[in-house]
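Thanks for joining. Please bring the model up on your screens, and we will walk through it.

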Amino acid sequence: MIMNDKKLYRLHREEGLSVRRRRGRKRARGSRTPMPVPLRPNQRWSLDFLSDTFGASRKFRILAVNDDCCRENLGLIADTSISGARVARELDALVRIFGKPACIASDNGTEFTSRAILQWANDNGVEWHYIDPGKPQQNGYIESFNGSLRDECLNEEIFDTLADARRTLALWRYDYNNVRPHSSLGNRTPAEARRALEQSESSAPGALAHPETNHYQPQGLSL
């Protein structure tokens, strides 16, 4: 039986029917205030994801974690799947090595807006800053790093296995942090810039050194 639109609308109104409106997914309410330029290590970390393939076009993801002050890459975590809970565990591991950041900046990806991340930020007292949707330039430090990683490593290498990709990323990361000087850091490497800033803070009048957060390890987080 075919019913015309006018009759259907009349019956719909007479019965008081309504169509349930679909609500949008709730977004995390992180800080959206303008981010100041980081002046010391651990003042702000930035996070982002990249993707590539290995073997017979099998995809994997890379979680990049950077310290925006000294441009140091703190971790390149590669796996076929990385959930919000996994991101939280990796952050715990990085905090044990480098100390706790005051702020973390990221986009609004599902992993970064998950309950696991919101709980992690709340439990650790870390402010989480979400950039505006579609505005990657607001997280320019990590975007610049991603471009270097893709141009110099991901686009140049063919990975046979996930383990091969992890080894290659570890080697590239060591070179980036400890060998290559950066013009933005006064032609110092990120590792040298971190050590210089930590020494400056510890030698300032009234400053106290914190050995537990100054034991920098060039290899960083094991992949």
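Start at Leu91. Which residues is Leu91 in contact with, once neighbours within four places in sequence are left aside? They are Trp45, Leu47, Ile104, Ile117, Trp120 and Trp128. Keep in mind that this is a predicted model.

Leu91 belongs to the largest nonpolar core, and that core has 22 residues. Leu91 is among the residues with the most contacts inside it, along with Trp45, Leu47, Leu63, Val87 and Trp128. Which elements give two or more residues to this core? Three strands from the early part of the list: β1 at 45-54, β2 at 58-67 and β3 at 72-79. Then α2 at 84-98, α3 at 115-124 and β5 at 127-130. The most comes from α2, which gives 6 residues.

There is another core, apart from that one. This second core has 18 residues. Phe60, Ala78, Phe159 and Tyr176 are among them.

Now the overall layout. The chain has 6 helices and 5 strands. Along the sequence, the order reads α-β-β-β-α-β-α-β-α-α-α. The chain has 223 residues, and 41% of them are buried. Next, sequence separation. Take the contacts between residues at least 6 apart in sequence: 62% of these join residues at least 24 apart.

On to helix packing. Two packed helices are described by the angle between their axes and the distance between the axes. I have two pairs to show.

First pair, α2 and α3. Their axes cross at roughly 30° and come within 8 Å. The cut-off for roughly parallel is under 35 degrees. So α2 and α3 are roughly parallel to each other. On the α2 side, the contact is made by Gly84, Ala85, Val87, Ala88, Leu91, Asp92 and Val95. On the α3 side, Ala116, Ile117, Trp120 and Asn124 make the contact. Leu91, where we began, is thus listed here too. Sorted by class, this contact has 8 nonpolar, 2 polar and 1 charged residues.

Stay on Asn124 for a moment. Asn124 lies in helix α3. Is Asn124 buried or partly exposed? It is partly exposed, because its relative accessible area is 21% and buried means under 20%. Not counting residues up to four places away in sequence, Asn124 touches Asp92 and Lys100. Pro101 is 23 residues from Asn124 in sequence, and the two are 9.5 Å apart, C-alpha to C-alpha.

Second pair, α4 and α5. Helix α4 covers residues 140-154, and helix α5 covers residues 162-178. They pack at an angle of about 125°, with axes 11 Å apart. That makes α4 oblique to α5. The crossing is right-handed. From α4, the contact uses Phe145, Ser148, Leu149, Glu152, Cys153 and Leu154. From α5, it uses Thr168, Leu169, Trp172 and Tyr176. The class count here is 7 nonpolar, 2 polar and 1 charged residues. Tyr176 came up earlier, as one of the residues in the second core.

Also in α5 is Tyr174. At 36% relative accessibility, Tyr174 counts as partly exposed. The C-alpha atoms of Tyr174 and Ala191 are separated by 9.7 Å, with their positions 17 residues apart along the chain.

Next, the loops. Cys70 is in the loop between β2 and β3. How accessible is Cys70, buried or exposed? Buried, at 0% relative accessibility. Leaving aside neighbours within four places in sequence, Cys70 is in contact with Leu185, Pro190, Ala193 and Arg194. Cys70 and Asn177 are 107 residues apart along the chain, and their C-alpha atoms are separated by 9.6 Å.

Last topic, backbone angles. Most residues other than glycine have a negative phi. Here are two with a positive value.

Asn42 has a phi near 70°. Asn42 sits in the loop between α1, residues 5-14, and β1. With a relative accessible area of 13%, Asn42 is buried.

Ser57 has a phi of about 60°. Ser57 is in the loop between β1 and β2. Ser57 counts as exposed, at 57% relative accessibility.

That is the tour. Questions, please.

Key
Residues numbered from 1 in each chain as written. Predicted model: local features only at pLDDT ≥ 70, side-chain atom pairs only at ≥ 80, totals over all residues. Heavy atoms only, no water. Axes fitted to C-alpha atoms, helices over the stretch in contact; angles between N-to-C directions. Helix = DSSP H or I, 4+ residues; strand = E, 2+ residues; numbered from the N terminus. Parallel < 35°, antiparallel > 145°, perpendicular 65-115°, else oblique. Left-handed = near helix turned anticlockwise from the far one by under 90°. Contact = heavy atoms within 4.5 Å. Nonpolar A, V, L, I, M, F, W, Y, C, P; charged D, E, K, R; others polar. Core = buried A, V, L, I, M, F, W, Y, C linked by side-chain atoms within 4.5 Å. Buried < 20%, exposed > 50% of the residue type's maximum accessible area, 1.4 Å probe, protein only.
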